[in-house]
Amino acid sequence: MILIADSSSTRTEWCQVEGSIVCDHSLMEGINPYFQNRREISRCVRLQLPDSYFRKKYEEVIFYGAGCANPEKKSILEASLVAQFKSPIRIESDLLGAARGLFGEESGIACILGTGSNSCMYDGHKIVKNVKPLGYILGDEGSSAVLGKMFLSDCLKGLAPSGLMADFYQKCNVTADDVMQNVYNCPFPNRFLSIISHFLVDYQREEYVYNLIYNNFKSFFDRNVIQYDYKNCPIRVTGSSAFKYAEILNDVADHYGVKIDMIQKTSLKGLVAYHTKKFEL
């Protein structure tokens, strides 16, 4: 049996796989070693996963996660997971997970548009080019965290439509002071911004919201996608922001004269297929 995890800063999906059969599936909050130390990660995993996950003997635990491209941060996570599962641990970046989940052993441009954003040129085996994502302060164009940041900024400056702002403050039960506290003084501000952005789903056909989302995705193309051979390579996307606003994302792709081959909410199904195939060989 193997255990596969696909993690963003907002949520982590775990999947127990025996042969090619998915035995169990579990969700918990996101893990990111840039925002959590070893003890915090261990506590999060131990308290949020079912006890049955720690009673299994795994051939390997394969974890794809945000913040796992950096060797130092990867070692923090590895130490925590070894202590919890007592099994061999392999940790890879969420971007490689997205590429494998979207393309398997085919080549193309793999994109993440979730809490954060990222992209790469994948040759069917490894990442051969990556435009640095830079996080939600300097980059992460197209992500739900940046969308939430754009929307909240407009609300606090009084630039969003008054009716939309009234609905937002009422439905989300937050004040301007709550926003400032969560963004500047609380852990995981990117997670807060991402969750706030989900409010816009029901309003995405309204002109203001449509333009906000469209411009966020367009910025992702302008600053990331066009740096690859995007006219001649298939483009596939995974992530909650891409999935929730797929129609607008396709509108942006049309603007650049390209088609997006596939849009998935998560990479886990593709990762299970990728790794079970590997184990069968």
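**View A. Helices α5 and α6 are roughly perpendicular to each other.** In this predicted model, α5 and helix α6, which spans residues 162-172, pack at an angle of about 110 degrees, and their axes are 11 Å apart. Because angles of 65 to 115 degrees count as roughly perpendicular, the pair α5 and α6 is described in that way. On the α5 side the residues that take part are F151, L152, D154, C155 and L156, and they meet L164, M165, F168 and Y169 in α6. Sorted by class, the contact of α5 with α6 has 8 nonpolar residues and 1 charged residue, with no polar ones.

**View B. Helix α7 crosses helix α8 at roughly 140 degrees.** The axes of α7 and α8 come within 7 Å at this crossing, and the angle makes α7 oblique to α8. From α7 the contact draws on V179, N182 and V183, while from α8 it draws on P189, F192 and L193. The contact of α7 with α8 has 5 nonpolar residues and 1 polar residue, and no charged residue belongs to it.

**View C. Helix α8 is mostly covered, with 8 of its 9 residues buried.** The buried residues of α8 are P189, N190, R191, F192, L193, S194, I196 and S197. Around them, the packing partners of these buried residues are β3, which runs over residues 21-29, together with α4, α5, α6 and α7.

**View D. Two residues in loops, N173 and F188, have a positive phi although neither is a glycine.** N173 lies in the loop between α6 and α7, and its phi is about 55 degrees. F188 is found in the loop between α7 and α8, where its phi is about 50 degrees. As to their surroundings, N173 is exposed, with a relative accessible area of 66%, whereas F188 is buried, with a relative accessible area of 10%.

**View E. The largest pocket holds about 1100 Å³ of space.** Lining this pocket are 46 residues, of which S9, A66, G67, D94 and G116 are the closest to its centre. The elements that give two or more residues to the lining are the strands β1 (2-7), β2 (11-18) and β7 (117-122), along with the helices α3 (94-103), α4 (135-138), α8 (189-197) and α10 (240-244). By class, the lining of the largest pocket divides into 24 polar, 14 nonpolar and 8 charged residues.

**View F. The second largest pocket has a volume of about 240 Å³.** Its lining consists of Y136, I137, K149, L152, S153, L156, V179, M180, V183, Y184 and L193. At least two residues of this lining come from each of α4, α5 (144-156) and α7 (176-184). Of the lining residues of the second largest pocket, 9 are nonpolar, 1 is polar and 1 is charged. Several of these residues also appear in the helix contacts of the earlier views: L152 and L156 are among the residues of α5 that meet α6, and V179, V183 and L193 are among those that join α7 to α8.

**View G. E92 has its place in strand β5, which covers residues 89-93.** At 19% relative accessibility, E92 counts as buried, because the limit for that word is under 20% relative accessible area. E92 and F63 are 29 residues apart along the chain, yet their C-alpha atoms are separated by 6.2 Å. When neighbours within four places in sequence are left aside, the contacts of E92 are F63, Y64, G65, C68, K74 and R100.

**View H. Q48 is found in helix α1, which covers residues 38-48.** Q48 is partly exposed, with a relative accessible area of 30%. Without counting residues up to four places away in sequence, Q48 touches L27, M28 and E29. Another residue to locate in this view is S26, which is 22 residues from Q48 in sequence and 9.2 Å from it in space, taken from C-alpha to C-alpha.

Conventions:
Residues are numbered from 1 along each chain as its sequence is written. This is a predicted model: local features need pLDDT of at least 70, side-chain atom pairs count only at pLDDT 80 or more; totals for chains, interfaces and linings use all residues. Side-chain values use heavy atoms; hydrogens and water are left out. On a 1 Å grid over the protein atoms alone, a cavity is a set of points where a 1.4 Å probe fits but cannot get out, and a pocket is an open set with protein on both sides within 12 Å along at least five of seven lines; lining residues have an atom within 4 Å of a point. Grid points are joined across faces, edges and corners, and a volume is the space filled by probe spheres set on the points. Helices (H or I, at least four residues) and strands (E, at least two) are DSSP runs, numbered from the N terminus. Ala, Val, Leu, Ile, Met, Phe, Trp, Tyr, Cys and Pro count as nonpolar, Asp, Glu, Lys and Arg as charged, and the others, Gly among them, as polar. Axes are lines fitted to C-alpha atoms, for helices over the stretch in contact, and angles run from 0 to 180 degrees between N-to-C directions. Angles under 35 degrees count as roughly parallel, over 145 as roughly antiparallel, 65 to 115 as roughly perpendicular and the rest as oblique. Contact means heavy atoms within 4.5 Å. Buried means under 20% relative accessible area, exposed over 50%, partly exposed in between (1.4 Å probe, protein chains only).
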